Amino acid sequence: MDGTIRLMMVGCGGISYEWLEALKDRDDAVITSLVDLNRAAAEKRKEEYSLDCPIYGDYDEALKLAKPDVVIDLANAWAHFDITMKALAAGCSVFGEKPMCMSREEGRILMEEAKKTGLAFNVMQNRRFLPGVRALREAVRSGALGRIWNVCCEIYVNADLTGGRNTLEYPMLQDQAVHSFDSARFILGADAVSVYCHSYNPVGSHYNGDGSGACIFEMSDGSVLTYNAVMDTNVMKTAWHSQWRVIGENGTALWNGFDDLPTAEIRSDDGSVSRIELPLPKDWDGISWFPGGINEMLTAYREGRESELTCFGNYGSVAMTFSAIESAKTGRKTAVK
Ligand SMILES: NC(=O)c1ccc[n+]([C@@H]2O[C@H](COP(=O)([O-])OP(=O)(O)OC[C@H]3O[C@@H](n4cnc5c(N)ncnc54)[C@H](O)[C@@H]3O)[C@@H](O)[C@H]2O)c1
């Protein structure tokens, strides 16, 4: 494909800053339109980034007039389905924010539509592009830790009531959890098979819905993933990337989520134990965080290949949230589907 990729950014709130920062130095893609129900939000971003493009308050009108190649969907979670469906129907690919969808039914329809149109529908999972996550994945992939049987990730962070999070019934599961679920799938190279989830809202929580919970997942590689989340504490906090322990037959890796690289203790055949900093994979280009995710989406788009962030792969992560919610409601172990 020749020429610069024309991008329409829909939703100019908090997360648009990360996308605009990552896009500002690229010469292969350009923002040619901004859309927000709240025009003032779009005006602000236009000015901050000296963008030379029209602003629209109405998405349907914008799609008709601006004719982008790609819609960047940074609207609130509940608007993603409608925005993506309309973009695909208009012949535009979509690079969207997480979560991919709000229900299994939405996910099924979106994937069918993406398949039918042959257009790209990618979902941002920026944590896949963290050195710590890449190094853990490499430790699993290379066999350095041996066969993995236990992964534990925990997140203890302050409440984030922006972006409509306090309208969610299960903010712990419906907002941040998909990042850690996706990281776990990426690290293990495995999918979740079943989940038992206990969800609750602790005393003193600022959330209306359940801001805390614990999940136990059985994974397709035979390992067990536990996730403990407290989304409203201002003491002894972890990174928003979670803190991680990955246990295999030959050793254990720990990553606090703050440092770049995890450490591991690995047993040798003679029984001795050595402590090492886990190396990064040699085949990783090192472009991290949002620039890494956006680079992967744009490169795949140009090359006409499926990206690492395709909706077809991403569904396995968002499905973990749907099944965890079902388990929390029924109190039963539930298949992840
Ligand atoms: N990848 C990450 O690390 C990360 C971090 C934070 C948020 N997010 C995700 O990014 C998305 C946006 O979050 P945010 O914090 O920027 O929210 P926000 O509320 O700050 O901004 C959302 C913007 O979208 C606009 N909007 C909503 N519906 C629209 C529509 N139909 N047409 C046009 N504009 C519309 C709103 O007016 C608002 O300005 C969410 O899906 C959230 O889960 C991802």
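Two strands count as paired here if DSSP finds at least two bridges between them. Keep that in mind while looking at this predicted model, starting with its strands.

**The strands**

Strand β12 (residues 251–255) and strand β13 (residues 263–267) run antiparallel, joined by four bridges. Within that pair, Ala253 sits opposite Ala264 in β13. On its other partner, β12 is linked to β11 by four bridges, again antiparallel, and a hairpin of two residues takes the chain from β11 to β12. Here Trp244 stands opposite Trp255 in β12. As for its faces, β12 has Gly251, Ala253 and Trp255 on the covered one, while Thr252 and Leu254 make up the uncovered one.

Move along to β7 and you'll find it pairing with β11 as well as with β10. Here is how those two pairings look:

| Pair | Sense | Bridges | Facing residues |
|---|---|---|---|
| β7 (residues 148–156) and β11 (residues 243–248) | antiparallel | six bridges | Cys153 and Trp244 |
| β7 and β10 (residues 224–230) | parallel | seven bridges | Val151 and Leu225 |

So much for the strands.

**Two helices**

Now for helix α4 (residues 80–89) and helix α5 (residues 104–117): their axes come within 10 Å and cross at roughly 15°. Angles under 35 degrees count as roughly parallel, so α4 and α5 are roughly parallel to each other. Their crossing is left-handed.

Which residues in α4 and α5 meet? On the α4 side they are Phe81, Thr84, Met85 and Leu88, and on the α5 side Glu106, Leu110, Glu113, Ala114 and Thr117. Sorted by class, that contact has five nonpolar, two polar and two charged residues.

Key: Residues numbered from 1 in each chain as written. Predicted model: local features only at pLDDT ≥ 70, side-chain atom pairs only at ≥ 80, totals over all residues. Axes fitted to C-alpha atoms, helices over the stretch in contact; angles between N-to-C directions. Parallel < 35°, antiparallel > 145°, perpendicular 65-115°, else oblique. Left-handed = near helix turned anticlockwise from the far one by under 90°. Contact = placed C-beta atoms within 7 Å. Nonpolar A, V, L, I, M, F, W, Y, C, P; charged D, E, K, R; others polar. Buried ≥ 20, exposed ≤ 12 C-beta atoms within 10 Å, placed from the backbone.
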